[in-house]
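Work through the exercises below with the model open beside you. Try each task before reading its solution.

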Amino acid sequence: MGTALAIAALLAVAALLLLPPHAHGNFVYWGNSGQTSIGRAKLNGTGVNNAFIGGLSNVHGVAVDSKHVYWTQGNAATSSIGRANLDGSGANPNFIPNSAAVNFATAFPQAAVAVTSSALYWVNTGAGTIGRANLDGTGPNGALVNPGGDPLCGIATDQNFIYWVDVGLGQSIGRAGQDGSNPTFNFVPGVSGSCGVAVDGSFLYWGATANAVGRAPVGGGAGSANNAFIPNAASPGNTTCGVAINSQFIFWGNSGATDFIGRANLNGNSPNPGLIAGPTDPCLPAAAPSNKITINSITRKKKKGTAIINAKVPGPGQAGLLNTKPPTTAGSAKVKQQALTLGAASSFKLAVKAKGSSAKKLKKKGKATVTVYATFTPAGVAGVESSKKLTIHLVKTHKKKKH
């Protein structure tokens, strides 16, 4: 019996070790265009690893969700879409290989890729088409949308639509439903597109000519394009190659004689064209949202025997209070669990209320120590859950009996 229990315990530990890590939610990624690797750095520009995923071939665009990194690579018959785990392990350069159904273009430079909760989308640059496959790589369709044969560079998705940049005669951002329906090829006309597009709930962003980052309202329309939202985003002589956003920042490839990843606040303020040094021809980056949770204070309510956790997070998402460290759910409930939906970067409160054996101990002895986990999962397909372990001493002051 003891041996069986020991084996079961070892299997449980092994299962936990195989689960995706929670530490990979605060990074920006980039393809080293035409090179053999994908780079990664922290959102603040530190921890640069220009060969985060290596051994590849002619890399182009990058996308990321909460579990995987995706990329386009190769040219013509060698073209493919690759995938790796979020920590860089398990790289599969032929996750979606070329085929008649995929219809990768005869010229595949700077081909972009985007991801939703259910699908992958890509640009067949030379053919000027938009492709789609299921998230597991099945059901590829290389001609979901055909904007007319103009060269395309950049693709982005939101909850309902896909967007692309026409860098040929059209000079516009196009839009279609995620099933390819109702395409509008001049959704945002007058775009001086260099390469790349990104979208949030309010705006579209793109890598513009003249070393700039452009922006337009997400509703599109004539006259809405601002091709110099962030002027001088790229160094003199360099090119703005691709943009990526999260709830805090805009990132872009600053590609040329000396290569960087640039960054600015989401409103365009405080631009830093050289935030990350060390890339090699960086283009079409992807940015995960920050999952940092900050504990400002813990206040004990002695009359009630509870405590209040005062915390803040840098963007929208789901916050909560758990008894066990995610993703584990087993274990006895010591406190009441909570879940909050936050629509923006904000401060919030979590009430710590004893439950089960902790509540009995608090009632009997007037004090109890509980271990809880404050959690935060950023909104969006790339949001990775984080947690912070807290040990809280609950104290309840009993009312004195009147004589």
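How many disulfides does the structure hold? The model is a predicted one, and the structure holds two disulfides.

**Exercise 1. Locate the disulfide of Cys153 and describe its geometry.**

Step 1. Find the partner. Cys153 forms a disulfide with Cys195. The sulfur atoms of this pair are 1.7 Å apart. The cut-off for a disulfide is 2.5 Å between cysteine sulfur atoms.

Step 2. Read the handedness. The value about the S-S bond of Cys153 and Cys195 is -55°, and the link is left-handed.

Step 3. Place the two ends. Cys153 is in strand β12 (residues 152–157), and Cys195 is in strand β16 (residues 193–199), so the disulfide ties together parts that are 42 residues apart in sequence.

Step 4. Check burial. Cys153 and Cys195 are both buried.

**Exercise 2. Repeat the analysis for Cys241 and Cys283.**

Step 1. Confirm the bond. The sulfur atoms of Cys241 and Cys283 are 1.7 Å apart, and the pair forms a disulfide.

Step 2. Take the torsion. It is about -65° about the S-S bond of Cys241 and Cys283, so this disulfide is left-handed.

Step 3. Map the ends onto strands. Cys241 belongs to strand β20 (residues 239–245) and Cys283 to strand β24 (residues 282–287), so the pair ties together parts that are 42 residues apart in sequence.

Step 4. Test each cysteine against the burial cut-off. Buried means under 20% relative accessible area. Cys241 has a relative accessible area of 5%, so Cys241 is buried. Cys283 has a relative accessible area of 1%, so Cys283 is buried too.

Step 5. Write the pattern. With bonded cysteines counted along the chain, the disulfides follow 1-2, 3-4.

**Exercise 3. State which lysines gather in a patch of positive charge on the surface, then place Lys336.**

Step 1. List the members. The patch holds Lys301, Lys304, Lys336, Lys349, Lys353 and Lys355.

Step 2. Place Lys336. It lies in the loop between β27 (317–322) and β28 (338–342).

Step 3. Check accessibility. A residue joins such a patch only with over 30% relative accessible area. Lys336 has a relative accessible area of 45% and is partly exposed.

Step 4. Turn to Val335. Val335 is also found in the loop between β27 and β28. Its relative accessibility is 1%, so Val335 counts as buried.

Step 5. Link Val335 to the patch. Lys353 is one of the patch lysines. The C-alpha atoms of Val335 and Lys353 are separated by 5.3 Å, with their positions 18 residues apart along the chain.

**Exercise 4. Identify the sign of phi at Asn58 and at Ser270.**

Step 1. Recall the background. Most residues other than glycine have a negative phi.

Step 2. Read Asn58. Its phi is near 55°, a positive value in a residue other than glycine. Asn58 sits in the loop between β3 (49–53) and β4 (59–64).

Step 3. Read Ser270. Its phi is positive, at about 55°, although Ser270 is not a glycine. The loop between β22 (260–265) and β23 (272–277) holds Ser270.

Step 4. Add the exposure of Ser270. The cut-off for exposed is over 50%. Ser270 has 55% relative accessibility, so Ser270 counts as exposed.

**Exercise 5. Set sequence separation against C-alpha separation for Ser89, Asp158 and Ile298.**

Step 1. Take Ser89. It lies in the loop between β6 (80–85) and β7 (92–97). Ser89 is partly exposed, at a relative accessible area of 32%. Ser89 and His68 are 21 residues apart along the chain, and their C-alpha atoms are separated by 9.6 Å.

Step 2. Take Asp158. The loop between β12 and β13 (161–166) holds Asp158. At 22% relative accessibility, Asp158 counts as partly exposed. Asp158 and Gln178 are 20 residues apart along the chain, with C-alpha atoms separated by 9.0 Å.

Step 3. Take Ile298. It is found in strand β25 (residues 294–301). Ile298 is partly exposed, with a relative accessible area of 36%. Ile298 and Leu350 are 52 residues apart in sequence, yet 9.5 Å apart in space, C-alpha to C-alpha.

Methods
Residues numbered from 1 in each chain as written. Predicted model: local features only at pLDDT ≥ 70, side-chain atom pairs only at ≥ 80, totals over all residues. Heavy atoms only, no water. Patch = residues over 30% accessible without salt bridge, like charges linked within 9 Å, V, L, I, M, F, W, Y side chains within 5 Å. Areas by Shrake-Rupley, 256 points an atom, 1.4 Å probe, with all protein chains shown as cover. Salt bridge = Lys/Arg side-chain N within 4 Å of Asp/Glu carboxyl O. Lys, Arg positive; Asp, Glu negative; His and termini not counted. Charge placed at Lys NZ, Arg CZ, Asp CG, Glu CD. Helix = DSSP H or I, 4+ residues; strand = E, 2+ residues; numbered from the N terminus. Buried < 20%, exposed > 50% of the residue type's maximum accessible area, 1.4 Å probe, protein only.
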